[in-house]
Amino acid sequence: KHLYDWSYEQTALRVADSLVLRQFCRVYLQATPDQSTLCRWANLVQPQTLQGFNQRIMNLAIDNKLTRGRQLRMDGTVVETTIHHPTDSRLLADSVRVLGRTLTRAKTLLGSGTELSKEWFRNRQRSAKRTARKIAGLSHRSREQMKSHYQRLVQTTQATVRQAERVLVELQNQVADEGHDLIEALQTFLPRAQQVIDQTVRRVVSGEKVPPAEKLVSIFEPHTAIIRRGKVNKDTEFGHKVWLGEVEGGFIAQYEVLDGNPADESQWQPTLENHVQLFGRPPRQASADRGVHSADNEALAAKLGVKRIVLTKPGRKSEARRQYERQRWFWRGRRFHAGVEGRISVIKRKYGLYRCRNCGQDGFERWVGWGVIANNLTALGKGLSP
């Protein structure tokens with residue numbers, strides 16, 4: 001009875017913390033789903049569904065006259081994936097660790113029914129981890145010593161890959177049904193381990209400069225892209241670039257998870273076209289950072305019917321261009337556009353878009369979609385509140 005008495009707040013908190021109360025918690029006298037059940041249900045929601053959900057929220061905002069889409073400001077940001085800082089030694093050690101523990105599970109499953117010797121199930125995790133630590137403790141001046149350690153770590157990983165390939169054949173022949181999970185794990189991580197070996201040999205042993213598009217920075221999140229935007233405090237980021245289009249009222253009318261690290265200039269046209277499709281007319285004012293400026297983008301916006309195009313031209317400017325950007329409406333547009341940085345800060349700090357906690361490409365897009373929807377629902381609630 002003390003749970004509803006504010007004078008016994010501390011007692012209520014202690015009781016609520018107990019495992020017994022959590023197990024028998026009820027919502028409207030019904031049992032609550034388990035956490036794993038809720039996570040499984042959440043994974044059923046597809047990114048396309050969240051796009052439609054966000055469009056429905058925008059339609060409600062338009063119907064209630066909370067926004068008219070007259071001002072559009074767009075910008076991009078990077079949402080990072082949950083990975084450690086990628087190095088070749090760590091990626092090799094991770095590959096050995098994942099394949100090694102899978103081999104241990106396969107040995108238990110196969111038991112005495114296999115003709116393979118114990119050497120095929122050997123777990124080389126300790127050896128790989130020890131070598132990776134030696135590499136991490138070396139400075140860049142010890143290149144020859146570091147190269148020899150890398151060669152040893154590559155050999156350890158290659159041996160583990162050969163074991164995993166042989167055990168995979170044995171699993172498929174002996175226990176295809178019971179070992180479905182192990183077979184799937186080996187089929188998933190074997191190509192990634194081979195790619196890590198290939199890029200390490202090319203970069204460290206051969207001295208080749210591997211292009212970012214051909215690099216694997218995580219065997220667990222292989223979709224992670226290497227993004228460089230010239231930021232002073234963070235030169236390189238690992239995740240995906242997300243492009244946002246915000247209208248007045250604090251609503252993010254559209255968002256897009258981009259592949260790789262495309263130029264911001266290429267996002268101007270699709271953002272304007274999607275805005276016209278959503279609102280039925282072009283925005284009166286459209287703005288973006290100077291990296292989006294180009295003569296073609298300005299001509300496209302004028303062709304669509306945008307009256308005020310707020311794109312600062314980078315580099316050297318002619319006298320006519322300087323006079324154009326000194327107009328009062330242009331300065332007002334620049335001040336309005338500066339607010340998009342605040343919106344990005346809010347969705348990162350408040351709605352979790354600083355780092356994605358979901359797994360996989362679809363999980364990443366779901367994480368971004370829920371963050372945008374949470375922001376728009378908050379703006380919708382504030383606008384509808386008396």
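Start with the whole surface: the protein exposes about 22700 Å², and carbon and sulfur atoms supply 50% of that area. Keep in mind that this is a predicted model.

**Whole chain**

Switch to cartoon. The view holds 14 helices and nine strands. Turn the C-alpha trace along its principal axes, where the spans are about 80 × 70 × 40 Å. The radius of gyration is 27 Å, whereas a compact globule of 386 residues would come near 21 Å. Colour by burial next. Of the 386 residues, 40% count as buried.

Now turn to contacts along the chain. Take those with a separation of 6 or more: residues 24 or more positions apart account for 65% of them.

Select the charged side chains. There are 63 positive and 39 negative charges. The mean positions of the two sets lie 7 Å apart.

**Confidence**

Colour by pLDDT. The average for the protein is 89, and 92% of the residues score at least 70. Then select residues 1-24. Here pLDDT stays under 50, and the model has eight contacts beyond four places in sequence for this stretch. Where pLDDT is low, the predicted coordinates should not be read in detail.

**The loop at K65**

Go to K65. Which elements flank its loop? The loop runs between α4 (47-63) and β3 (71-81). Check the backbone at K65: phi is near 60 degrees, a positive value in a residue other than glycine. Most residues other than glycine have a negative phi. Show the surface around K65 as well. Is the residue buried or exposed? K65 counts as exposed because its relative accessibility is 65%, and the cut-off for exposed is over 50%.

**Helix α7 and H149**

Select residues 143-174. This is helix α7, and H149 is found in it. Centre on H149. Is this residue buried or exposed? H149 has a relative accessible area of 15%, so it is buried; the limit for that class is under 20%.

Which residues is H149 in contact with, leaving aside its neighbours within four places in sequence? Show T131, K134, I135 and L138 as sticks; these are the residues in contact with H149.

Finish with a distance. Pick the C-alpha atoms of H149 and S89. The two residues are 60 residues apart along the chain, and their C-alpha atoms are separated by 9.4 Å.

Terms used
Residues are numbered from 1 along each chain as its sequence is written. Side-chain values use heavy atoms; hydrogens and water are left out. Helices (H or I, at least four residues) and strands (E, at least two) are DSSP runs, numbered from the N terminus. The radius of gyration is taken over C-alpha atoms; the globule rule is 2.2 Å times the number of residues to the power 0.38. Buried means under 20% relative accessible area, exposed over 50%, partly exposed in between (1.4 Å probe, protein chains only). Contact means heavy atoms within 4.5 Å. Accessible areas come from the Shrake-Rupley method with a 1.4 Å probe; for residues, only the protein chains shown count as cover. Lys and Arg count as positive and Asp and Glu as negative; His and the chain ends are not counted. The place of a charge is taken as NZ of Lys, CZ of Arg, CG of Asp or CD of Glu. pLDDT is the predictor's confidence in each residue, from 0 to 100.
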